Amino acid sequence: MRIKETLITLCALTLLATLAYLWLAPAGMKHSPDISLTTIKGEKLQLASYQGRPVLVTFWATTCPGCIKEMPHLIELYEELHPRGLEIISVAMDYDPPNQVLAMSKARGIPYHVALDIQAQAARAFGDVRLTPTSFLIAPDGRIVYRKTGEMDIARVRQDILEMLEARAGTGSAQAAGQG
């Protein structure tokens, strides 16, 4: 009888541990969804086409104070690191009127891609995003390595991106050396 109880307990614990791991697994375990986005300029973006470089995807709304507060930091980050390979894509929530998104993007001088998610397909693909800001840092290999609901720790994100860019540059120079 004791062996049966012990086996049942072990199975239950294993099941609970597996469920806890799946529920609490770090974002780095997941790959970014391969979605298509349309920008406010009418450009079509395929997220998978940015593989090989770090991508910061941030969901936002024109009525979100935290989103507006982050914008200058995102612009600064983009201007500093885009020449080295960073891509930033901001995705306006489905409830945000496109004319307001366009007006704010122009008023703030946003240099990175601003996409509309009119049917909430991108929000669903990223785990049913409903709160803004919600941001995802995608590594060059396509893994989501950072997810944050609420304002980002810009210094941490910048450091993570710099490390990715340095690793990417090191890989590129190692490949170039091998071809010489």
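**Entry 1. Contacts and overall layout**

I began with the contacts in the chain between residues at least 6 apart in sequence, and found that 71% of them join residues at least 24 apart. I note here that the model is a predicted one. I then looked up the secondary structure, which comes to 5 helices and 7 strands. Along the sequence, I read the order of these elements as α-β-β-β-α-β-α-β-α-β-β-α.

**Entry 2. Burial and surface**

I looked up the share of buried residues: 39% of the 180 residues of the chain count as such. For the accessible surface of the chain I recorded about 10,400 Å². Carbon and sulfur atoms account for 58% of that surface.

**Entry 3. Strand β4**

I turned to strand β4, residues 87–92, and asked how many of its residues are buried. The count is 6 of 6, and I entered the strand as mostly covered. I then checked the two faces of β4 separately. On one side I found Glu87, Ile89 and Val91, and on the other Ile88, Ser90 and Ala92, all of them buried. Both faces of β4 are therefore covered, given that buried means under 20% relative accessible area.

**Entry 4. Partners of β4**

Which strands pair with β4, and in what sense? I found strand β3, residues 55–60, paired with β4 in the parallel sense over 6 bridges. Within this pairing, I noted Ser90 of β4 as the bridge partner of Thr58. I also found strand β5, residues 113–116, running parallel to β4 and joined to it by 4 bridges. In this second pairing, Ala115 of β5 stands opposite Val91. Ser90 and Val91, which I had listed on opposite sides of β4, are both buried.

**Entry 5. Crossovers**

I followed the chain from β3 to β4 by way of helix α2, residues 65–81, and recorded a right-handed β-α-β unit. I did likewise from β4 to β5 by way of helix α3, residues 98–108; this β-α-β unit is right-handed as well. Strand β4 thus takes part in the unit with β3 and α2 and in the unit with α3 and β5.

**Entry 6. The disulfide**

Last, I searched for disulfides, and the count came to 1. Which cysteines does the disulfide join? I identified Cys64 and Cys67, with a distance of 2.4 Å from S to S. The pair counts as a disulfide because the cut-off for the sulfur atoms is 2.5 Å. For the link of Cys64 and Cys67 I recorded 80° about the S-S bond, and I entered the link as right-handed. Are these two cysteines buried or exposed? I found both Cys64 and Cys67 buried.

Note on methods:
Residues are numbered from 1 along each chain as its sequence is written. This is a predicted model: local features need pLDDT of at least 70, side-chain atom pairs count only at pLDDT 80 or more; totals for chains, interfaces and linings use all residues. Side-chain values use heavy atoms; hydrogens and water are left out. Helices (H or I, at least four residues) and strands (E, at least two) are DSSP runs, numbered from the N terminus. Buried means under 20% relative accessible area, exposed over 50%, partly exposed in between (1.4 Å probe, protein chains only). Contact means heavy atoms within 4.5 Å. Accessible areas come from the Shrake-Rupley method with a 1.4 Å probe; for residues, only the protein chains shown count as cover. Two strands pair if DSSP finds at least two bridges between them. A crossover is right-handed if, with the strands pointing away from the viewer, the path from the first strand over the helix to the second runs clockwise.
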